[in-house]
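Please work through the exercises below with the sequence and the model side by side. Each task is followed by a solution that goes step by step.

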Amino acid sequence: MRKLSGKILILAVLVIAVASYFIFPSCKTFTDTVFSAFASGDFKVMRDFVAEYGAYAAAVSFFLMIFQSVAAPLPAFIITLANANLFGWWKGAILSWSSAMAGAAICFYIARILGRDTAERLTSKTGLQSIDDFFSRYGTHSILIARLLPFISFDLVSYAAGLTSMKFLPFFIATGIGQLPATIVYSYVGGMLTGGAQMLMTGLLLLFALSAVIVMMRKMYRERKKN
């Protein structure tokens, strides 16, 4: 009964979100601008977008981190760098870490309540299978190890964990511990760098993210060709 209620709630939220996009022009403009900011690959564009909301900037940033978690594989580091540059490195780190934790929890429960088919639509079948193999290899320490490795998709791990028999609390604790070092490093470096150094770091992170996407797409192509 509880699982059915969860499905109804999540589906209702999704229907309202999609309907709002088509019914309310302001909602459509906001969503299109968000995707444009992510697509730019420039954290300064994201920073300026968040800063426009003034006193609500932190709340908007929190929402954007959750949005990118659900809509994998949008790059989270753009928001982390923007937060550090806008709020200062340690305040930005707290905001980025807490919002990423919220995003991880939502992905976990979406997968647990709606099942594998929905998780595959939001990510990819091949990507989830690769995380399944990772879980099988490293067992109970999989979540902590995955969070410490920057080349493993944060969102894929969250979705995949929700499809296992893993309890939420151990998942949440391991995520918090494993995600903290990377968040601190990105926030500190992002808050301190300026000018060309910022562009270089952003470019390297984008190249890294693009490489991960290419590897995933290559696996998907091979799987389809094999089938």
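The exercises begin with the whole chain and then turn to helix pairs, single residues and cysteines.

This is a predicted model, in which local features need pLDDT of at least 70 and side-chain atom pairs count only at pLDDT 80 or more, while totals for chains, interfaces and linings use all residues. Residues are numbered from 1 along each chain as its sequence is written, and side-chain values use heavy atoms, with hydrogens and water left out.

**Exercise 1. The whole chain**

Task: Find how many helices and strands the protein chain has, and what percentage of its residues count as buried.

Solution: Start with the elements, which are DSSP runs numbered from the N terminus, a helix being H or I over at least four residues and a strand being E over at least two. The protein chain has 12 helices and 0 strands, so that, read from the N terminus, its elements run α-α-α-α-α-α-α-α-α-α-α-α. Next comes burial, where buried means under 20% relative accessible area, exposed over 50% and partly exposed in between, with a 1.4 Å probe and protein chains only. Of the 227 residues of the protein chain, 37% count as buried. Last come contacts, meaning heavy atoms within 4.5 Å. Among the contacts in the protein chain with a separation of 6 or more, 71% are between residues 24 or more positions apart.

**Exercise 2. Helices α5 and α6**

Task: Describe how α5 and α6 pack, giving the angle and the distance between their axes.

Solution: The axes are lines fitted to C-alpha atoms, for helices over the stretch in contact, and the angles run from 0 to 180 degrees between N-to-C directions. Helix α5 covers residues 77-87 and helix α6 residues 89-114, and the two pack at about 140° with axes 7 Å apart. This angle makes α5 oblique to α6, because angles under 35 degrees count as roughly parallel, over 145 as roughly antiparallel, 65 to 115 as roughly perpendicular and the rest as oblique. On the α5 side the contact is made by Ile-79, Thr-80, Asn-83, Ala-84 and Phe-87, and on the α6 side by Trp-89, Lys-91, Gly-92, Leu-95 and Ser-96. Sorted by class, this contact has 5 nonpolar, 4 polar and 1 charged residues, where Ala, Val, Leu, Ile, Met, Phe, Trp, Tyr, Cys and Pro count as nonpolar, Asp, Glu, Lys and Arg as charged, and the others, Gly among them, as polar. After α5 comes Gly-88, whose phi is positive, near 95°.

**Exercise 3. The surroundings of α5**

Task: Work out why α5 is described as largely enclosed by the rest of the structure, and which residues Asn-83 is in contact with beyond its sequence neighbours.

Solution: In α5, 8 of the 11 residues are buried, so the helix is largely enclosed by the rest of the structure. The buried residues of α5 are Phe-77, Ile-78, Ile-79, Thr-80, Leu-81, Ala-82, Asn-83 and Ala-84. Asn-83 has a relative accessible area of 1%, and, leaving aside neighbours within four places in sequence, Asn-83 is in contact with Ser-61, Gly-88, Gly-92, Leu-95 and Ser-96.

**Exercise 4. Helix α4 and two partners**

Task: Set out how α4 packs with α5 and how α4 crosses α2.

Solution: Take α5 as the opening case: α4 and α5 pack at about 170° with axes 11 Å apart, and they are therefore roughly antiparallel to each other. Their contact has 7 nonpolar, 4 polar and no charged residues. Turn then to helix α2 (residues 25-40) and helix α4 (residues 57-70), whose axes come within 12 Å and cross at roughly 75°, which makes α2 roughly perpendicular to α4. Here Phe-30, Val-34, Phe-35 and Phe-38 of α2 meet Phe-63, Leu-64, Phe-67 and Gln-68 of α4, a contact with 7 nonpolar, 1 polar and no charged residues.

**Exercise 5. Two alanines of α6**

Task: State whether Ala-100 and Ala-104 are buried or exposed, and list what they touch.

Solution: Ala-100 lies in helix α6 and is buried, at 6% relative accessible area. Not counting residues up to four places away in sequence, Ala-100 touches Met-65 and Phe-154. Ala-100 and Ile-66 are 34 residues apart in sequence, yet 6.6 Å apart from C-alpha to C-alpha. Ala-104, also found in helix α6, is buried at 1% relative accessibility. With the exclusion of residues up to four places away in sequence, Ala-104 touches Arg-147, Phe-154, Ser-158, Phe-171 and Thr-175.

**Exercise 6. Cysteines**

Task: Find how many disulfides are counted.

Solution: A disulfide is a pair of cysteine sulfur atoms within 2.5 Å, and by this rule the count is 0. Cys-27 is partly exposed at 24% relative accessibility, whereas Cys-107 is buried at 0%.
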